[in-house]
Amino acid sequence: MQEDDSFRSEKQKMLAGELYDASDLELQADLTAAMDWLAHYNVAAFTQTPQARRALLLEHFAAVGEHTVVRPPFYCDYGFNICLGAGVFLNFNCTILDVAPVTIGDLTQVGPGVQILTADHPRDPAMRRRGLEYGRPISIGQNVWIGGGAIILPGVTIGDDAIIGAGSVVTRDVPGGATVAGNPARLRESIPAPQLHPS
């Protein structure tokens with residue numbers, strides 16, 4: 001038996017990955033609370049200890065592992081859909097549109113200016129005119145390296161140990177251990193690490 005939509009809030013629909021009205025008052029209040037928190041975090045994080053920064057993140061995020069660093073300025077929609085593992089590093093100007101869950105595994109490094117975007121819109125123009133949208137979750141595995149300026153689109157899963165080249169637009173899933181680059185991102189040969197020479 002299908003639940004009657006008239007008894008479900010727009011937030012419940014959003015969290016279920018269904019079409020919802022983003023102008024809903026409850027969601028707008030959540031957005032305002034997140035904006036207030038971001039204004040505080042993006043100033044305070046410069047002067048706080050790592051423990052205090054983690055405590056600030058836990059005020060709004062679903063989970064934050066030990067030794068995780070989110071360098072300000074940082075931007076998100078809500079925060080409560082973001083789960084960061086241990087030792088995650090998000091560089092300056094990371095944007096996460098978290099209308100759906102975003103999970104980032106342990107030791108993953110995210111370069112400056114990266115956008116992780118779960119928000120999506122109907123292809124039907126009539127539905128867009130009604131202000132309806134939806135989200136698709138993004139899952140990023142452990143020990144992934146995402147180069148600066150990359151864009152991760154809704155619904156993408158990135159496997160452990162993958163590399164995403166700088167400036168890439170990731171439109172589909174990336175297998176574990178793979179290197180992808182370009183727009184749209186495609187599989188590439190692994191980029192050799194620079195050789196270290198003794199001085």
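Here is a short chat about reading strands and sheets in a predicted model.

Trainee: Let's start with the annotation. Which residues does the UniProt domain cover?

Mentor: The unreviewed UniProt entry places "domain: Maltose/galactoside acetyltransferase" on residues 11–66. In the model, that span is 61% helix and 7% strand, and its end C-alpha atoms are 30 Å apart.

Trainee: Now the sheets. In what order do the five strands of the open sheet come?

Mentor: Read across it and you get 2-5-8-13-16, with parallel pairing. At the edges sit strand 2 (63–64) and strand 16 (157–158), each with pairing on one side only.

Trainee: How many bridges hold strand 5 and strand 8 together?

Mentor: Three, in the parallel sense, between residues 82–84 and residues 102–104. To find the register, pick one bridge: Cys83 has Thr103 of strand 8 as its partner.

Trainee: And how do I read the two faces of a strand?

Mentor: The general idea is that side chains in a regular strand alternate between the two faces of the sheet. Now take strand 7, residues 94–97. Cys94 and Ile96 make up its covered face, while Thr95 and Leu97 are on the uncovered one.

Trainee: Which strands does strand 7 pair with?

Mentor: Strand 4 (residues 74–76) is joined to strand 7 by three bridges, running parallel. Strand 10 (residues 115–117) is also joined to strand 7 by three bridges, again parallel.

Trainee: Which residues of strand 7 could I use to check the register?

Mentor: Try Thr95, the bridge partner of Tyr75. Then go to Ile96, which stands opposite Ile116 in strand 10. Thr95 belongs to the uncovered face and Ile96 to the covered one.

Notes
Residues numbered from 1 in each chain as written. Predicted model: local features only at pLDDT ≥ 70, side-chain atom pairs only at ≥ 80, totals over all residues. Heavy atoms only, no water. UniProt positions renumbered as here; feature names shortened; annotations may be inferred. Helix = DSSP H or I, 4+ residues; strand = E, 2+ residues; numbered from the N terminus. Pairing = 2+ DSSP bridges. Buried < 20%, exposed > 50% of the residue type's maximum accessible area, 1.4 Å probe, protein only.
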